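Opening the notebook on a new model today. I'll jot down what I look up as I go.

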Amino acid sequence: MASMSTHGNQDKGPHLPPPSKQSLLFCPKSKLHIHRGEISKIIRECQEESFWKRALPFSLMSMLATQGLVHQGYLASNPRFGSLPKVARTACLPVRNAKL
């Protein structure tokens, strides 16, 4: 019987915040003490990795494709600046969505 009451106390535990102060993301089965610094570090690492492995290559490939379309004549080049405005605009789209 003593083991039953101990097991019941472990589930509730005094270390859990009261239900009124729990956030919507609270999970009693996960780690209870995740520091905001760790979370911000993980988010920063994910954003950096997303930039280098997704946004930058996609941007470069988009620029190359746009330059190819201008060179082939499918897109008209600017009389004064050539293909630069179209290529620059294309380069900015994927990088802007990376949210660095």
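Which residues does Leu69 touch, leaving out those up to four places away in sequence? I get Tyr74 and Leu75. Worth keeping in mind that I'm working with a predicted model here.

**Leu69 and its surroundings.** I placed Leu69 in helix α2. Its relative accessibility is 37%, so I put it down as partly exposed, the class between 20% and 50%. I also checked the spacing to Ser83: the two are 14 residues apart in sequence, and their C-alphas are 9.7 Å apart in space.

**The patch.** Leu69 turned up again when I looked at the surface, where Leu69, Tyr74 and Leu75 make a nonpolar patch of about 310 Å². I found Tyr74 in the loop between α2 and α3. Is Tyr74 buried or exposed? Its relative accessible area is 66%, and the cut-off for exposed is over 50%, so Tyr74 counts as exposed. Just after α2 I noted Gly73, with a positive phi near 95°.

**Helix α2 itself.** I went along α2 from residue 36 to residue 72, which is 37 residues. First C-alpha to last, I have 52 Å, close to the 54 Å expected at 1.5 Å a residue. Where is the kink in α2 centred? I located it at Phe51, with an angle of about 40°. Phe51 is also on my list of buried residues in α2, along with Ala55, Ser59, Ser62, Thr66 and Val70.

**Over to α3.** I picked Thr90, which sits in helix α3, residues 84–96. Thr90 has a relative accessible area of 16%; buried means under 20%, so Thr90 goes down as buried. What does Thr90 touch, not counting residues up to four places away in sequence? I listed Ser62, Met63 and Thr66. Ser62 and Thr66 are both among the buried residues of α2 that I noted above.

**Whole protein.** I count three helices and zero strands, running α-α-α from the N terminus on. Of the 100 residues, 13% count as buried. For the accessible surface I have about 8900 Å², with 62% of that belonging to carbon and sulfur atoms. Last entry, on contacts with a separation of 6 or more: 49% of them are accounted for by residues 24 or more positions apart.

Terms used:
Residues are numbered from 1 along each chain as its sequence is written. This is a predicted model: local features need pLDDT of at least 70, side-chain atom pairs count only at pLDDT 80 or more; totals for chains, interfaces and linings use all residues. Side-chain values use heavy atoms; hydrogens and water are left out. Helices (H or I, at least four residues) and strands (E, at least two) are DSSP runs, numbered from the N terminus. Buried means under 20% relative accessible area, exposed over 50%, partly exposed in between (1.4 Å probe, protein chains only). Contact means heavy atoms within 4.5 Å. The expected span of a helix is 1.5 Å times one less than its number of residues. The bend at a residue is the angle between axes fitted to the seven residues ending there and the seven starting there. Patches are made of residues with over 30% relative accessible area and no salt bridge: like charges are joined within 9 Å, nonpolar side chains (Val, Leu, Ile, Met, Phe, Trp, Tyr) within 5 Å. Accessible areas come from the Shrake-Rupley method with a 1.4 Å probe; for residues, only the protein chains shown count as cover. A salt bridge is a side-chain nitrogen of Lys or Arg within 4 Å of a carboxyl oxygen of Asp or Glu.
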